[in-house]
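Here are my notes on the model you sent over, point by point. Have the 3D view open while you read, and look for each residue as it comes up.

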Amino acid sequence: MLKNNDLYCFVAKRQFNRIKGLIFILFLFLITTSVGWSKEAVPVAEDPVVEKRMLALTMDLRCLVCQNESIADSRADFSNDIRREIREQIKANKTDQEIVQFLVDRYGDFVLYNPPMKPTTMLLWFGPVILFVIGLVSLIVYLRRRRVQIEDVSLSQVQLERAEALLNENKKGKNV
């Protein structure tokens, strides 16, 4: 006949084996899914001069996927493709302006961090100033209208006597 201690050991071993099995399955799941997450290493240019020039160019170009990062800083696939394209154009002896113009022709002025002054970008350049001036004028108009609406309220003699009586009552109550 089994004693309570033997029964406890039997149940504990069984639970421990279940936990070991679950941990093993979790471990296998983590290993197999991490293999799918890994990516191929980004190739670095063979020529350090080309790489330096490419990095200088891409610091002033916006990643269209990330939008708040330069192409040099972004790790998006789009940025990898653009960097590869820029390397190829550098090797083809194109100037920096030709490469930038190629990207602008392909993706528009949005790819530039400092877009040129053109009729299509006037709102981009002067929009913040216009909004600031509109806000400032609106604030001034609002404050002037508000000043007119606020009037000095004068109390009648009866109201003044009543307020003084309430204050005196309050003082007497505190002295007691």
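1. Let's begin with a bit of vocabulary. Helix axes here are lines fitted to C-alpha atoms over the stretch in contact, and the angle between two of them runs from 0 to 180 degrees between N-to-C directions. Keep that in mind for H3 (residues 77-91) and H4 (residues 96-107), which pack with their axes 10 Å apart and at an angle of about 140 degrees. What do we call that arrangement of H3 and H4? Angles over 145 degrees would count as roughly antiparallel, and 65 to 115 as roughly perpendicular, so H3 and H4 are oblique to each other. Their crossing is right-handed.

2. Now step back to the whole chain, and remember that this is a predicted model. The protein has six helices and zero strands. Reading from the N terminus, you get α-α-α-α-α-α. As for burial, 18% of the 176 residues count as buried.

3. Back to helix pairs, this time H2 and H3. Their axes are 10 Å apart, and the packing angle is about 125 degrees. That value makes H2 oblique to H3. The crossing here is right-handed.

4. Next, the charged side chains. How many salt bridges does the count come to? The count is five. One of them joins Glu-51 to Arg-87, where the closest N and O atoms are 3.0 Å apart. Glu-51 sits in helix H2 (residues 48-58) and Arg-87 in helix H3, so this pair links distant parts of the chain, 36 residues apart. Are these two buried or exposed? Buried means under 20% relative accessible area. Glu-51 is at 16%, so Glu-51 counts as buried. Arg-87, at 12%, counts as buried too.

5. Helix H2 takes part in another salt bridge, between Arg-53 and Asp-96, whose closest N and O atoms are 2.7 Å apart. This pair also bridges distant parts of the chain: Arg-53 belongs to H2, Asp-96 to H4, and 43 residues separate them. Check the accessibility here as well. Arg-53 has a relative accessible area of 26%, which means that Arg-53 is partly exposed. Asp-96 is partly exposed as well, with 34% relative accessibility.

6. Stay with helix H3 for a salt bridge inside one helix. Arg-84 and Glu-88 meet through their side chains at 3.6 Å, N to O. Why are Arg-84 and Glu-88 separated by about one helical turn? Because they are four residues apart in helix H3. Arg-84 is partly exposed at 41% relative accessibility, and Glu-88 is partly exposed at 41%. Do find Asp-81 too: Asp-81, Arg-84 and Glu-88 are linked in a network of salt bridges.

7. Don't skip the loop between H4 and H5, where you'll find Pro-115. Pro-115 has a relative accessible area of 10%, so Pro-115 is buried. Try picking out Trp-125 as well: Pro-115 and Trp-125 are 10 residues apart in sequence, and their C-alpha atoms are 8.8 Å apart in space.

8. Thr-121 is found in the loop between H4 and H5. Is Thr-121 buried or exposed? With a relative accessible area of 6%, Thr-121 is buried. Its C-alpha lies 8.6 Å from the C-alpha of Asp-109, and 12 residues separate Thr-121 and Asp-109 in sequence.

9. Last point: the surface. Which residues form a nonpolar patch there? The patch is made up of Val-129, Phe-132, Val-133, Leu-136, Val-137, Leu-139, Ile-140, Val-141, Tyr-142 and Leu-143, and together they have about 910 Å² of accessible area. Take Ile-140 as an example, which lies in helix H5 (residues 122-149). Ile-140 has 40% relative accessibility, so Ile-140 counts as partly exposed. Try colouring the patch in your viewer and turning the model until you can see it.

How values were computed:
Residues numbered from 1 in each chain as written. Predicted model: local features only at pLDDT ≥ 70, side-chain atom pairs only at ≥ 80, totals over all residues. Heavy atoms only, no water. Patch = residues over 30% accessible without salt bridge, like charges linked within 9 Å, V, L, I, M, F, W, Y side chains within 5 Å. Areas by Shrake-Rupley, 256 points an atom, 1.4 Å probe, with all protein chains shown as cover. Salt bridge = Lys/Arg side-chain N within 4 Å of Asp/Glu carboxyl O. Helix = DSSP H or I, 4+ residues; strand = E, 2+ residues; numbered from the N terminus. Buried < 20%, exposed > 50% of the residue type's maximum accessible area, 1.4 Å probe, protein only. Parallel < 35°, antiparallel > 145°, perpendicular 65-115°, else oblique. Left-handed = near helix turned anticlockwise from the far one by under 90°.
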